[in-house]
Amino acid sequence: MASAQRDSLEALRAKKGFICDMDGVIYHGNMLLPGVREFVDFLKKEKKQFLFLTNSSERAPRELQQKLGRLGLDVDESHFYTSALSTAAFLKRQCPGGSAYVIGEPGLVGALYDAGFTMNEVNPDYVVMGETHAYSFEKIERAVQLVRAGAKLIGTNPDLTGPVEGGIAPACKALMSPIELATGRSAYYLGKPNPLMMKHGLSLLNVTNDECAIIGDRMDTDIVAGVESDIDTVLVLSGVTTEHEMHKFPYRPRYVLSGVGEIVPGYRA
């Protein structure tokens, strides 16, 4: 390893806090990625502040904790923050005690309930879209009717695709597009790169932006979120972005690694 590259990684390893994406960085589907176990051990051993900040809205933090547990990683529930939680926090501030028509999974519905929202299919304040496997024409048709009647349109995150074991799958913004096209309305998206989510992540870690790095596999969410929040960025090539695709964007990550294992001193793939 060249001296400049070695010194650069030492600066990264010295960070007090790490904000880390999950899909494509920690796992693909139910497959733990190489070097992740060593990386988590490094974070714990060095007493780093770390947060798994995911744009996925399907699961609650406890479910994410249990998923990592099934993959052999012991991580406390407090280390997880999702776009569902960010969406619920935003809506609670905007419309306390409001209601929503939700197309999404239990992680999103539960976060909204916890924020004081009720579910409403008649005259909701908001139509909220998250990732879901229960996607249907009937739900899209109802959402269009409600938005045209005055409901405001919210997306948990702006991801078009997400990594799965077999490749990629449509994500929130792709699922949202029929509603936007049919109503002529644009959704407001929470999740990365929305600065509200990054601000909350730094607050949970109790670190400054200079003391933190964000690790992700997406140039259009993870890396731009770090760039716009003035946080050092780490692109890992274990997810949806290839090195070739990285060069199509007008901004660059601070570090480009094959996976999170490279952050660990002495790691060998």
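**Exercise 1. Two helices in contact**

Which residues in α4 meet which residues in α5? Work this out in the predicted model, and then describe how the two helices are arranged.

*Solution.* Begin by locating the elements: helix α4 covers residues 83–94 and helix α5 covers residues 106–114. On the side of α4, the residues in the contact are A84, L85, A88 and L91, and they meet G107, L108, A111 and L112 in α5. Sorted by class, this contact of α4 with α5 holds 7 nonpolar residues and 1 polar residue, with no charged ones. Next, take the geometry, in which the two helices pack at an angle of about 30° while their axes lie 9 Å apart. Because angles under 35 degrees count as roughly parallel, α4 is described as roughly parallel to α5. Finally, the handedness of the crossing of α4 and α5 is right-handed.

**Exercise 2. A second helix pair**

Determine how α6 is oriented relative to α7, and list the residues through which they touch.

*Solution.* The first step is again to find the helices, with α6 at residues 137–148 and α7 at residues 172–183. They pack at an angle of about 45°, and their axes are 9 Å apart. That angle makes α6 oblique to α7, and the crossing in which α6 passes α7 is right-handed. The second step is to name the contact: α6 contributes I140, A143, V144, V147 and R148, whereas α7 contributes L175, P178, I179, A182 and T183. Divided by class, the residues of the contact of α6 with α7 are 8 nonpolar, 1 polar and 1 charged.

**Exercise 3. The cysteines**

How many disulfides does the structure hold, and why is C20 not bonded to C212?

*Solution.* The count of disulfides in the structure is 0. To see the reason, consider that a disulfide needs two cysteine sulfur atoms within 2.5 Å. The closest cysteine sulfur to that of C20 belongs to C212 and is 11 Å away, which is too far for a bond. Viewed from the other side, C212 is in no disulfide either, as the nearest cysteine sulfur is that of C20, at 11 Å. As a last step, check the surroundings of each residue: C20 has 3% relative accessibility and counts as buried, and C212, at 0% relative accessibility, counts as buried as well.

**Exercise 4. Backbone features in loops**

Examine the backbone at K47, at N206 and at the bond from K192 to P193, and say where K47, N206 and P193 are placed.

*Solution.* Start from the background that most residues other than glycine have a negative phi, and most peptide bonds are trans. K47 is not a glycine, and yet its phi is positive, at about 55°. This residue is placed in the loop between α2 (36–45) and β4 (49–54), and its relative accessibility of 69% makes K47 count as exposed. Turning to N206, this residue also is not a glycine and has a positive phi, of about 60°. N206 sits in the loop between α8 and β13 (212–216), and with 69% relative accessibility it counts as exposed. The remaining step concerns the peptide bond from K192 to P193, which is cis, with omega near 10°. P193 belongs to the loop between β12 (188–189) and α8 (195–205).

**Exercise 5. One glutamate**

Is E63 buried, partly exposed or exposed, and how many Å separate its C-alpha atom from that of P96?

*Solution.* E63 lies in helix α3, which spans residues 61–70. At 34% relative accessibility, E63 counts as partly exposed. Along the chain, E63 and P96 are 33 residues apart, and their C-alpha atoms are separated by 26 Å.

Definitions and conventions
Residues numbered from 1 in each chain as written. Predicted model: local features only at pLDDT ≥ 70, side-chain atom pairs only at ≥ 80, totals over all residues. Heavy atoms only, no water. Buried < 20%, exposed > 50% of the residue type's maximum accessible area, 1.4 Å probe, protein only. Axes fitted to C-alpha atoms, helices over the stretch in contact; angles between N-to-C directions. Helix = DSSP H or I, 4+ residues; strand = E, 2+ residues; numbered from the N terminus. Parallel < 35°, antiparallel > 145°, perpendicular 65-115°, else oblique. Left-handed = near helix turned anticlockwise from the far one by under 90°. Contact = heavy atoms within 4.5 Å. Nonpolar A, V, L, I, M, F, W, Y, C, P; charged D, E, K, R; others polar.
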